[in-house]
Amino acid sequence: MSPISRRSLIQSAAALAATPVAAEQWSITSAMAQEPSAPISVYASGLFTPRGLTFGPDGKLYVALGGNGTAGAAPSAVRIEDGCGVGVAHGQPSTQGMSGAVQGPGSVAFLGDQLYLLQDSEDDRGDLISTYPNGVYTVASDGVCTLLADVSTWMNENPTKEIPADRGKLGETFAMLAGDGFLWVIESNEGQVLKVTPDGTITRVVDLSEGHPVPTCCAAAPDGGLYVGNLTDAPYPTGKAQVIHVKADGSVETVWTGLTMLVGLATVDGTLYACEMATNNTTQPPFTQPGTGRIVKQSGPDKLTEVVSELDFPIGMTVGPDGFLYVSTPSFGGDGPSGSVLRIDPSATFLSAPANLYDSATCPGFQEAWKAQQSVFATMTANADKPVPTAEAAIPANTAPVTIVNFTFDPGSLTIDAGRTVTWTNKDSVPHTATSKDGTFDSGNLNEGQSFSFTFDKPGTYDYICTYHPYMVGTIVVE
Ligand SMILES: [Cu+2]
């Protein structure tokens with residue numbers, strides 16, 4: 001089943017009917033004006049890998065953009081105007097990391113009128129990164145970002161109690177939230193909650209490294225403390241994520257269990273809401289499937305009520321001045337402007353995204369990029385049912401080799417005569433696939449050292465991708 005076909009049309013004509021729009025504190029966008037009471041609608045589109053988001057003092061939504069994997073090619077953060085992004089920060093690195101997803105700016109927050117940006121690049125991406133460590137940057141009115149708090153260096157000087165096997169030297173500054181005159185920063189890799197003051201001082205609030213929980217998200221608690229949710233480590237098992245309350249005195253209490261792969265938290269009228277990036281995860285790479293993300297609300301210490309399901313890898317969540325939830329999606333899936341922010345009624349239950357949800361999204365480049373992404377997601381879904389190869393297949397003699405290394409196909413373009421065989425070999429430590437866009441061939445999961453061969457009998461041009469990392473592209477030309 002494709003992610004699209006599993007969606008059901010849940011909006012009634014009544015829900016779509018125009019109702020009077022109350023005067024609000026912020027400007028009503030055209031998208032909202034069309035669907036003022038829709039339980040789920042597209043608030044913004046055309047975004048390059050939207051991540052953390054927040055409403056500014058002007059009542060407008062600001063979104064950090066992970067970018068497209070290339071430094072400077074897309075804004076680092078945008079303000080949403082009439083449903084599309086207007087750049088407010090630029091120049092920060094965007095990388096394609098070992099996890100496969102595009103990473104770069106990961107969150108935004110305001111203290112007063114000052115905008116801050118949280119940089120969250122992957123390791124080992126060259127000199128660019130050494131001059132842009134992960135941490136908090138101030139954003140000037142002209143969009144220039146200046147390093148305020150170098151979390152990468154601070155972490156190396158202040159290690160946590162437990163150091164994870166997959167520790168990266170830059171750390172993983174995943175989330176940021178405005179506190180009372182300071183910024184909360186969630187560092188996911190070692191696992192800790194940090195405070196950053198406007199003078200750039202970093203202090204650890206709590207060390208959460210024990211057992212590698214991978215904390216990713218937070219929301220303000222009424223006592224001045226913080227609610228913190230975690231992703232868990234791969235394979236992101238069902239029900240093993242939780243929300244803890246980091247109290248103002250630094251003590252920790254578990255307040256909500258039975259969750260899965262948390263990436264966003266919010267409170268509405270004192271009730272906790274969580275964003276689950278993917279559910280029903282598998283034990284084999286890539287572990288997650290599109291169309292399985294959810295927004296849930298707490299209905300007991302270990303209970304939840306589903307608000308929305310069947311989302312494609314949602315990655316960030318905040319509450320608007322209108323009391324609605326704003327959710328960024330997807331966390332990965334392309335290098336184009338296929339990202340969006342959904343506006344969701346927190347009082348809804350058991351919603352799923354309507355099939356025509358994105359019809360109204362008109363920002364530049366969005367529709368084309370979104371369709372390409374849906375095609376990648378459909379392939380991921382189809383591949384989920386295929387058995388994972390367990391042994392290296394024999395490599396036929398006299399084949400044309402393609403090496404998969406460092407998240408690239410080498411050579412990227414290969415020309416052969418009809419009747420010849422191409423063999424792909426994965427030399428990376430993470431799994432990849434070689435999957436033709438037209439369905440001609442599909443390696444399935446290739447772990448490190450595994451190979452896949454295909455004989456091309458028909459002349460033509462065969463474009464292919466890695467379904468886990470769709471920015472990995474290659475071409476076989478058969479003459
Ligand atoms: Cu790959």
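Where is S121 found? In this predicted model, S121 is found in the loop between β9 (114-119) and α3 (127-130). A residue counts as buried if 20 or more other C-beta atoms lie within 10 Å of its own. S121 has 29 C-beta neighbours inside 10 Å, and therefore it counts as buried. From S121 to Y132 there are eleven residues in sequence, and their C-alpha atoms are 8.7 Å apart in space.

**Confidence of the prediction**

The average pLDDT of the protein is 86, and 86% of the residues score at least 70. Over residues 1-35, however, the pLDDT is below 50. Beyond near neighbours in sequence, this stretch has 58 contacts in the model. Where pLDDT is low, the predicted coordinates should not be read in detail.

**Two open sheets**

Strand β9, which precedes the loop of S121, belongs to an open sheet of four strands. The order of this sheet is β8-β9-β10-β11, and the pairing is antiparallel. Its edge strands are β8 (105-111) and β11 (145-150), each of which pairs on one side only. On average, neighbouring strands of this sheet are turned by 30° against each other, direction ignored.

Another open sheet of four strands has the order β30-β35-β34-β32, and here the pairing is mixed. The edges are formed by β30 (413-416) and β32 (435-436). Each has a single partner strand, so one side of each is left without a neighbour in the sheet.

Strands of a sheet pair through backbone hydrogen bonds, either parallel or antiparallel. The table lists antiparallel pairs of strands, with one pair of opposite residues for each.

| Strand pair | Number of bridges | Residues opposite each other |
|---|---|---|
| β8 and β9 | six bridges | P105 and Q119 |
| β32 and β34 | two bridges | T435 and I465 |
| β21 and β22 | four bridges | A274 and V296 |
| β22 and β23 | six bridges | V296 and E306 |

Strand β22 (residues 293-300) pairs with β21 (residues 271-276) and also with β23 (residues 303-311). V296 of β22 is the bridge partner of A274, and V296 in turn has E306 in β23 as a bridge partner. A hairpin of two residues joins β22 to β23.

**Helix α5**

Helix α5 (residues 366-383) has 18 residues. From its first C-alpha to its last, helix α5 reaches 25 Å, close to the 26 Å expected at 1.5 Å a residue. Which residues of α5 are buried? They are F366, A369, W370, Q373, Q374, V376, F377, T379 and M380. An α-helix has 3.6 residues a turn, so residues three or four places apart point the same way. The buried residues of α5 pack against β1 (40-47), β32 and β34. Of these strands, β32 and β34 pair with each other in the antiparallel sense.

**Nonpolar cores**

The largest nonpolar core has 99 residues. Those with the most contacts inside this core are V63, A77, L117 and C218. Which residues are in contact with V63, leaving aside its neighbours within four places in sequence? They are L47, P50, L53, A77, V78, I80, G85, V108, S328 and V341. Apart from the largest core lies another core, of 19 residues, among them V402, I404, V422 and I476.

Note on methods:
Residues numbered from 1 in each chain as written. Predicted model: local features only at pLDDT ≥ 70, side-chain atom pairs only at ≥ 80, totals over all residues. pLDDT = per-residue confidence, 0-100. Contact = placed C-beta atoms within 7 Å. Pairing = 2+ DSSP bridges. Buried ≥ 20, exposed ≤ 12 C-beta atoms within 10 Å, placed from the backbone. Expected span 1.5 Å × (residues − 1). Axes fitted to C-alpha atoms, helices over the stretch in contact; angles between N-to-C directions. Core = buried A, V, L, I, M, F, W, Y, C linked by C-beta atoms within 7 Å.
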